[in-house]
Amino acid sequence: AVHQAVQAVHGPYPVRAIKLWALGLVALVLLGVVALAARGAATPWAAAGAGMVGAALALQPMTADSPLLGLKTETLAMAFVFPGLVASAASARAQGWRRSGLAGLSGLAFGLAIATKQTYALVPVFVACCLMASMGSTSRALDFARAALPAATLGCVLPLASMAALFALQGRANEFLGNLLIYPAVYGGPAEGDAMQRAAWKAAALASDLARTPAPALLALAGAVMAWSQRPRLWTEEEAAAWGAVAALLLGIALSPIYCAYHLLPVWLLLAALGGLTWARLARSPASPSASSAALPATLLLVLATLHVSQVWWTEGGRRGGRPDAGATPAMTADALAGSRTGWVLGMWPEFYVQRGLLPASGILYPWALPGTPDNPLFRRPDPNSPWAPWLAAAQARNLAQLYRDFEHTPPDVVALVEPLARHPGSDRQADVPGLDRWLMQRCLEAPPLRDGNGRPTRLFDC
């Protein structure tokens, strides 16, 4: 939806505009980090220092892995999660109608995050539990539950209920339910190894990714140790809410059938905010220097992180000018593809478009959106007797019809078929998508093959 909004304003697939909107979304999320971190400070100077430390820590993983700066669903969802955390922490301190109002606002923000990415449904549950656990007495926790939870629940439900009503008014209620339920049902390819092996692989991958930029996690854990060691334990509402969200997102990663590094981005952002809250906690210590002098190193950290972001922007993440494809000859890259303005890839290879200056000929960009494609590491076809199979078949049939309508409107000059994602092993067709072989035979000539960015064999067609 965000990509579609950008294209509605700037035209089809404007790469520079998409980058600008992506950085704008990153800036919005950084404001959320700053707001949450600054809420734990006792003075304006300490708040400024805590906010800058949080923002600098949040930029570290994104500049270390430049694709994290892209226009991602995770970043958009976190733009809603941070206001929800700030409002829920404020509701825990408030009383009366103000508590209910802030809880409703927090629920609305969390509901928007859930509408963006369903796996965030655990976040408000864990946040509420951690806030109640931090209150120190059962009576206070029950008072909070009675006043805040009904309003927060109503706010959470409102975005999805509104979307369902809009689809129902258009006679598309089944499509809404299908879109909501199909993706979790088909996400993740065939499992390899037993459950313990998969858990060990995922834990090792998580540890490796966290170790690339350890500062956010280390500062967050330092603050947790400081709070835990105090008697009585002194958790701020912001810390309790943020740790609840961290626990919910880590559980979501653990339950997910696959893991990619960008799944950890929301956790990194929350740990960065907790690192800023640790800075604010240190600023409250009697042994700490003055808050104004402590803000100076925080400013330096943020300036250095921002300079790194600008370097990532101008060098395309260190890949200015692009890289030739593995297995592609310079003549093919320079001549066979020169001057082409539209292309289409059946496979997961977005660099194919960017490195050649091609516009996608269709908005159907993922292989599992089309019938006939094989299972892959990100997609598994549901059992034919399951309730999800008819919904998936209906969605893929709509996508197939849309693909050929797109091809009539913007015929591709180049088509690339990533073989493991385009056809089943042993198939004698170019692709197992219905009708695609016939379309290629009528309009295209096969060019020398190449390999995609992951080294997979890919067939190329000039059309």
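**View 1. V415 of strand β3 has F461 as its bridge partner in β5.** This is a predicted model. The pairing of β3 (residues 414–418) with β5 (residues 457–462) is antiparallel and covers five bridges. Along with the V415 and F461 pair, look for L417, which stands opposite R459 in β5. F461 also turns up among the members of a separate core of 31 residues, a set that includes A422, L436 and L460 too.

**View 2. Strand β3 also pairs with β1, in the parallel sense.** Four bridges join these two strands. Here L417 of β3 is the bridge partner of L346, while on the β5 side L417 stands opposite R459. So how many of the residues of β3 are buried? Five of five, so the strand is mostly covered. Which residues of β3 point which way? V414, A416 and V418 go one way, whereas V415 and L417 go the other, and all of them are buried.

**View 3. Zooming out a little, five strands make up an open sheet.** Reading across the sheet, the order is β2-β1-β3-β5-β4, and the pairing is mixed. That fits the two pairings of β3: parallel with β1 and antiparallel with β5. Which strands sit at the edges? They are β2 (359–360) and β4 (445–451), each of which pairs on one side only. Helix α18 (residues 436–443) lies across β1 (342–346), β3 and β5, and runs at about 140° to β3.

**View 4. G357 sits in the loop between α15 and β2.** The helix before this loop, α15, spans 351–356. Is G357 buried or exposed? Its relative accessibility is 54%, and exposed means over 50%, so G357 counts as exposed. Try picking out R341 as well: G357 and R341 are 16 residues apart in sequence, and their C-alpha atoms are 6.8 Å apart in space.

**View 5. Helices α3 and α10 cross at roughly 140°.** Over in the helices, the axes of α3 (residues 44–64) and α10 (residues 215–229) come within 9 Å. The two helices are therefore oblique to each other, since roughly antiparallel is kept for angles over 145 degrees. On the α3 side the contact is made by V53, L57 and Q60, and on the α10 side by A215, P216 and L219. Sorted by class, that gives five nonpolar residues, one polar and no charged ones.

**View 6. M78 belongs to the largest nonpolar core, which has 71 residues.** Which members touch the most others? M62, M78, F82, L85 and Y120 do. Helix α12 (residues 265–283) gives the most to this core, with 12 residues. Leaving out residues up to four places away in sequence, M78 touches V29, P83, Y120, L249, P266, L269 and L270.

**View 7. The whole chain, for orientation, has 18 helices and five strands.** Of its 463 residues, 45% count as buried. If you take the contacts with a separation of 6 or more, residues 24 or more positions apart account for 73% of them.

Technical notes. Residues numbered from 1 in each chain as written. Predicted model: local features only at pLDDT ≥ 70, side-chain atom pairs only at ≥ 80, totals over all residues. Heavy atoms only, no water. Axes fitted to C-alpha atoms, helices over the stretch in contact; angles between N-to-C directions. Parallel < 35°, antiparallel > 145°, perpendicular 65-115°, else oblique. Contact = heavy atoms within 4.5 Å. Nonpolar A, V, L, I, M, F, W, Y, C, P; charged D, E, K, R; others polar. Core = buried A, V, L, I, M, F, W, Y, C linked by side-chain atoms within 4.5 Å. Buried < 20%, exposed > 50% of the residue type's maximum accessible area, 1.4 Å probe, protein only. Pairing = 2+ DSSP bridges.
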